Amino acid sequence: MSEHTTLSDLEAAQDNTTAADVQQESVQNFPEPADAGATETMSMQQALNRALAEVMTENPRALILGEDVGQLGGVFRITDGLQKKFGEARVFDTPLAESGILGMSVGLAMAGYHPIPEVQFDGFAYPAVNQIICQVGRMNYRSRGTLPMPITLRVPSFGGIRAPEHHGESLEAMFAHVPGLKVVSPSGPNEAYHLLKYAAARQDPVIFMEPKSRYWQKGPVNAGADAAGYSPNGSRVVREGKHLTLVAWGAMVARCLQVAELAAEDGIEIEVLDLRWLKPIDAEGLAASVAKTRRAVVVHEAPRTSGLGAEVASTITERCFGTLKAPVERVTGFDVPYPSGDLEDEYIPNIDRILYGIQRVLEYRRG
Amino acid sequence: MADVLALDDTGPAELAGEELRELYRLMVAVRYLDESAIRWQRQGLIPGYAPQLGQEAAQVGSGYALDMSRDFVFPTYREMGVARTVGVDMVEYMSTHKATWHGGLYDPKASRFAPIQAVVGGSVLHAVGWAHGQTLDGAPAGELGVAITYFGDGASSQGDVHEAMNFAAVMKAPVVFFIQNNGWAISVPTERQVAGGSVAARAAGYGMPSIQVDGNDVVAVTQATAAALAHARAGKGPTVVEAMTYRRGPHSTSDDPGRYRTLEEERTDGGEDPLARMRARLLADGIADEAFFEEALAAAKAEEEQIREGINALGPRPGTEMFDFVYQEPTQALKAQASAWREESEHV
Ligand SMILES: Cc1ncc(C[n+]2csc(CCOP(=O)(O)OP(=O)(O)O)c2C)c(N)n1
Ligand SMILES: [Mg+2]
């Protein structure tokens, strides 16, 4: 590929891509899990449900609490059937108060339990922010390590479902900024299953951001005993390439794979890195990929300013400054409140905008 | 249903025949529009809707008691019936359910109806602030504007609602806390939500009067709200009105109530349909006849048709509006994002 490649051909190619295609990002976008154990095809909703059932079986101190998580099984059915299976003492509906849910989780953790609270939608984590920041994130520190906070907070996250206000927020930068928290987001069913099981076995609080627009997409999951080979730490290369690294997480991973597919038709080989852990960020994984490709674009739904893309760009720049061919580009949501359904496709990075970002990086010339 | 604390009022004013007929007309208009909105969703005209089915008496009755020349409404997301009753433009109100604009397109200031609020319990404190503003403005007792805040049994669990009640009572703010206790917060029944069984009972702890009213009796609701408004308008401070009603429909068009209640339970717990009740009352008292009911329904249908046409004609807002309303004084960075968006989305 020449340094002078422009993407005008690509634009022609992606003009044939309809919104329906964007929704159709499917199974084959996710490579088979590396270890060839028994795989099953399931949706992310099913994978999360399975993971929770196993966590509850394996850890008798694990508890599930939140709004409508009991009989209803959660508005997204992630806890479907779990109250029946594990009883009302271990899977219970709380009154409608997110600060209450998180504050109570802190106390339960102090009493030796492993709470797995759910807030119903991203935007309703805000009423709990005081407890999350001032208590969940600090109790271990305040108590000099004697009161760990093994809390796995599940948050249906990000946009893309034409929902009412506060149902499409991307809070990763806010959570990642809080000392004491870890943050992770799965991109597909297999990741969801393994990362949730891993998060729920930690002694530190993990914010688990589930991409709600991907709940119903199916993919192969390597569950059960065969799963031992899965590596839950760091990032994961989901498509290899040599000309540019696209960094993404959550629902944006599938979109970036689509973009890579289109670019490949023009001979541009894009590596797609699923960051997975948003805190801690896998600096080595980023550096290894960008050392090879020498170009990077980071994609996220959250607003641009002080978004996690800035942290990713800075992490890459610190390690790869000498070899980078262009500044790390960000393709993100805008600095606006997440808009109503009619405008959400204008807000979330789409294939066009990601391609433009790639084009800027490919065409970049040093001063 | 007994008063938890009687409002120190001289007793409810009787409603005249034309007022009763108007209450019925409003309830039919609201019922018909509500049921139509479910159809609109099924037909793909709107992506989702949260029906108020069964709450017509609570919403129309309370809305009807307001003086919209000086009062102000703080709704949550299920107050279509209140909006209609106080005269909000219904195409602009329903636009929120078409995913056109989150808060609705109506002018909240001119409508004296705050933007639709998706955060449960989110606007209850705002009512207290607005009400305290009326006190600061210094209208004479008897002429104070009153804030009415609408929220549910589920919302009553939020810490903000406690804060709001305490603030209002401490500051003697002219607020009516209007709770629609409809038995459910999505799948969670009131028994698992409201300790002690009554939100109105909590008012005693804040030293304010409260009434628990039959929320399916539109006349009782109107009278209770009028008494609460008079109390606040006279400078005597906040009150709680808890309208006991029932969410006869699903939580929203994406809800499946079969997972947490049976049809049989819906029938028995729902009690008598507030609309059927009012109709029977008007007939029994000789205030209305069949011709009147037919006329009211025909008017409701004509109105729905107009609103549906309005909603149908409503296109998406221009994308630039994403950027236009973030600030009164937009930043350079935001303007730059807006022009980048324009270039990339319009391929200019
Ligand atoms: C702060 C917050 N948490 C959670 C939700 C999700 N949610 C929407 S409606 C609802 C139940 C509300 O119940 P209630 O207050 O009784 O009002 P109703 O729906 O019965 O009108 C929930 C949990 C929300 N909108 N806001
Ligand atoms: Mg309710």
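A salt bridge here is a side-chain nitrogen of Lys or Arg within 4 Å of a carboxyl oxygen of Asp or Glu. By that rule, three salt bridges turn up across the interface of chain A and chain B. Keep in mind that this is a predicted model.

**Where the chains meet**

One of those bridges joins the side chains of R353(A) and E344(B), with N and O 3.8 Å apart. That pair still makes the cut because the limit is 4 Å. Polar contacts also cross over: the interface of chain A and chain B has 14 residue pairs of this kind, both partners at pLDDT 80 or more.

As for the area, about 3200 Å² is buried between chain A and chain B, and carbon and sulfur atoms supply 56% of it. On the chain A side, the residues that lose the most area to chain B are L96(A), D342(A) and L343(A), which together make up 19% of what that side buries. The contact itself draws on 36 residues of chain A and 37 residues of chain B.

**Inside chain A**

The domain assignment splits chain A into domain 1 (7–30 + 233–363) and domain 2 (38–229). Their C-alpha centres sit 26 Å apart, and the contact involves 28 residues from domain 1 and 34 residues from domain 2. Between these two domains of chain A, about 2500 Å² gets buried, with 55% coming from carbon and sulfur atoms.

On the polar side, domain 1 and domain 2 of chain A share three salt bridges and 17 residue pairs in polar contact, again with both at pLDDT 80 or more. D342(A) shows up once more here: D342(A) pairs with R162(A) in a salt bridge whose closest N and O atoms are 3.3 Å apart.

**The ligand**

So where does ligand 1 lie? Ligand 1 is found between chains A and B. It is surrounded by 20 residues, and the closest are E98(A), Y77(B), R78(B), A118(B) and N182(B). By type, that shell comes out as ten nonpolar, six polar and four charged residues.

Here are some of the polar approaches to ligand 1:

| Residue | Protein atom | Ligand 1 atom | Distance |
|---|---|---|---|
| Q120(A) | polar side-chain atom | nitrogen | 3.4 Å |
| V120(B) | backbone N or O | nitrogen | 3.0 Å |
| G154(B) | backbone N or O | oxygen | 2.8 Å |

On its own, ligand 1 would expose 580 Å², and the protein buries 94% of that. Both chains appear in this table: Q120(A) offers a side-chain atom, while V120(B) and G154(B) each come in with a backbone atom.

Notes
Residues numbered from 1 in each chain as written. Chains lettered and ligands numbered in written order. Predicted model: local features only at pLDDT ≥ 70, side-chain atom pairs only at ≥ 80, totals over all residues. Heavy atoms only, no water. Near = heavy atom within 4 Å. Polar contact = N/O pair within 3.5 Å; in protein donor to acceptor, adjacent residues only side chain to side chain. Areas by Shrake-Rupley, 256 points an atom, 1.4 Å probe, with all protein chains shown as cover. Nonpolar A, V, L, I, M, F, W, Y, C, P; charged D, E, K, R; others polar. Domains from an automatic or database assignment. Contact = heavy atoms within 4.5 Å. Buried area = accessible area lost by both parts, 1.4 Å probe.
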